[in-house]
Every structure is written in C-alpha cells, then in structure tokens.
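Reader: Hello! I would like a close look at a single part of this protein, please, with the terms explained as you go.

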Amino acid sequence: MFMRLLHILNRFTKPKTLGVQGIVFDKNGNVLLVKHTYRSGWHFPGGGVDAGETIRQTLARELREEVGIIIKGSPHLHGVFFNDLYSSRDHIFVFVVREFDGASRNSSNWEISESAFFDVNDLPVDIAPETRDRLRELVEDREPSELWRSDSA
C-alpha cells in the first residue's frame with residue numbers, strides 16, 4: 001500500500017516526460033527533416049508519448065500526423081537520450097526508419113511549416129545541433145551519446 005501511495009505522489013511531484021523522434025531515410029539515403037511552427041531550425045519528426053501509448057505507437061502516430069509517412073517493417077532504436085532543456089526528467093527515444101509508405105508532405109499545417117528530404121552531406125545551415133549530432137552518430141558509426149544536447153553536463 002505504501003509503495004502504491006508513493007508511486008501516486010511521485011507522479012505529481014516528479015513527472016517524467018517521454019518523447020520519440022524518427023530519423024527517416026529514403027531509398028537514396030536522404031534524411032527527412034521538419035521545421036516546426038513553434039521553434040526554429042530543422043529537426044526530426046516526432047513528439048510526446050501520450051498516456052496509454054507505447055513508444056512505437058507514438059512514433060507511428062507522429063510520422064503519420066506530421067509528414068504523412070506510414071512505417072513499414074521494424075524501426076531500429078538508435079538510442080535513448082536525456083534531454084534537460086525543459087525538464088530534468090525528460091528522455092527522447094530515437095528510431096531509424098528505412099521502410100515506409102507515403103511521402104513527406106510539403107504543405108504546412110498548424111505544427112509543421114515545412115518538411116523535406118536532405119542529402120546527409122548537404123544539410124541545411126539552420127539544422128538543430130541535436131539533430132546534427134544524431135546524424136553524425138549514425139553516419140560516422142559512433143556510439144550514441146546519452147545526452148540529447150552536446151552542451152549538457
């Protein structure tokens with residue numbers, strides 16, 4: 001009984017947040033990036049995990065809602081990253097998606113103002129540093145960091 005009460009108390013005093021992002025590669029090896037309406041720079045598509053939703057369900061939902069992509073096959077987990085930008089209890093799961101149907105929507109919506117596939121050797125100048133870091137880990141076959149932001153310490 002005590003542990004149950006402690007768990008309920010922790011839910012309000014120490015909330016955890018979970019997010020998911022997808023590194024989507026097309027058949028030519030280009031990577032999909034999006035621009036949000038509420039923050040600057042290019043990022044991977046993704047978002048927060050809703051109550052009652054698994055990480056992979058969130059990935060599928062976010063890719064479908066943001067860019068019209070339907071995952072085929074099994075995405076590969078690249079890593080889990082601690083993100084202290086907004087909370088000291090936030091973690092982001094990042095998956096690599098290479099098999100999908102649909103195409104990136106180039107039309108804007110309330111959340112995504114722009115989306116496009118880019119050559120990994122010719123990325124936009126205003127790519128988010130964290131997005132660039134995750135791509136470098138993949139392209140250079142490096143061990144993923146545990147930290148989302150390279151300036152975290």
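Leaving aside neighbours within four places in sequence, which residues is Val97 in contact with?

Author: Happy to help. This is a predicted model, so local features are given only where pLDDT is at least 70 and side-chain atom pairs only at pLDDT 80 or more, while totals for chains, interfaces and linings use all residues. Residues are numbered from 1 along each chain as its sequence is written, and side-chain values rest on heavy atoms, with hydrogens and water left out.

Val97 is in contact (heavy atoms within 4.5 Å) with Ile23, Val24, Phe25, Leu59, Leu63, Ile71 and Pro75, once its neighbours within four places in sequence are set aside. Several of these names return in the largest nonpolar core, a set of buried Ala, Val, Leu, Ile, Met, Phe, Trp, Tyr and Cys residues joined through side-chain atoms within 4.5 Å. Buried here means under 20% relative accessible area, exposed over 50%, and partly exposed in between, using a 1.4 Å probe and protein chains only. This core has 15 residues, and Val24, Leu59, Leu63, Ile69 and Val97 touch the most other members. At least two core residues come from each of β1 (17-24), β2 (31-36), α2 (55-67) and β7 (90-97). The biggest contribution is that of α2, with four residues. There is also a second, separate core of 14 residues, including Ile23, Leu33, Trp42 and Ile92.

Now to the strand that holds Val97, namely β7 (90-97). Helices (H or I, at least four residues) and strands (E, at least two) are DSSP runs, numbered from the N terminus. In β7, seven of the eight residues are buried, so the strand is mostly covered. Two strands count as paired if DSSP finds at least two bridges between them. With β1, β7 pairs in the parallel sense over eight bridges, and Leu18 stands opposite His91 of β7. With β6 (residues 76-83), β7 pairs in the antiparallel sense over seven bridges. On that side, His76 has Val96 as its bridge partner in β7, and Phe81 has Ile92. As background, strands of a sheet pair through backbone hydrogen bonds, either parallel or antiparallel.

Stepping back, β7 belongs to an open sheet of four strands in the order β4-β1-β7-β6, with mixed pairing. Strands β4 (46-48) and β6 stand at the edges with a single partner strand each, so one side of each has no neighbour in the sheet. From one strand to the next, the twist averages 20 degrees. Helix α3 (residues 129-139) packs on this sheet and touches β1, β6 and β7, and its direction makes about 140 degrees with that of β6. For such angles, axes are lines fitted to C-alpha atoms, for helices over the stretch in contact, and the angles run from 0 to 180 degrees between N-to-C directions.

To place all this in the whole chain: the protein chain has three helices and nine strands, which run α-β-β-β-β-α-β-β-β-β-β-α from the N terminus on. Of its 153 residues, 41% count as buried. Among contacts in the protein chain with a separation of 6 or more, 64% join residues 24 or more positions apart.
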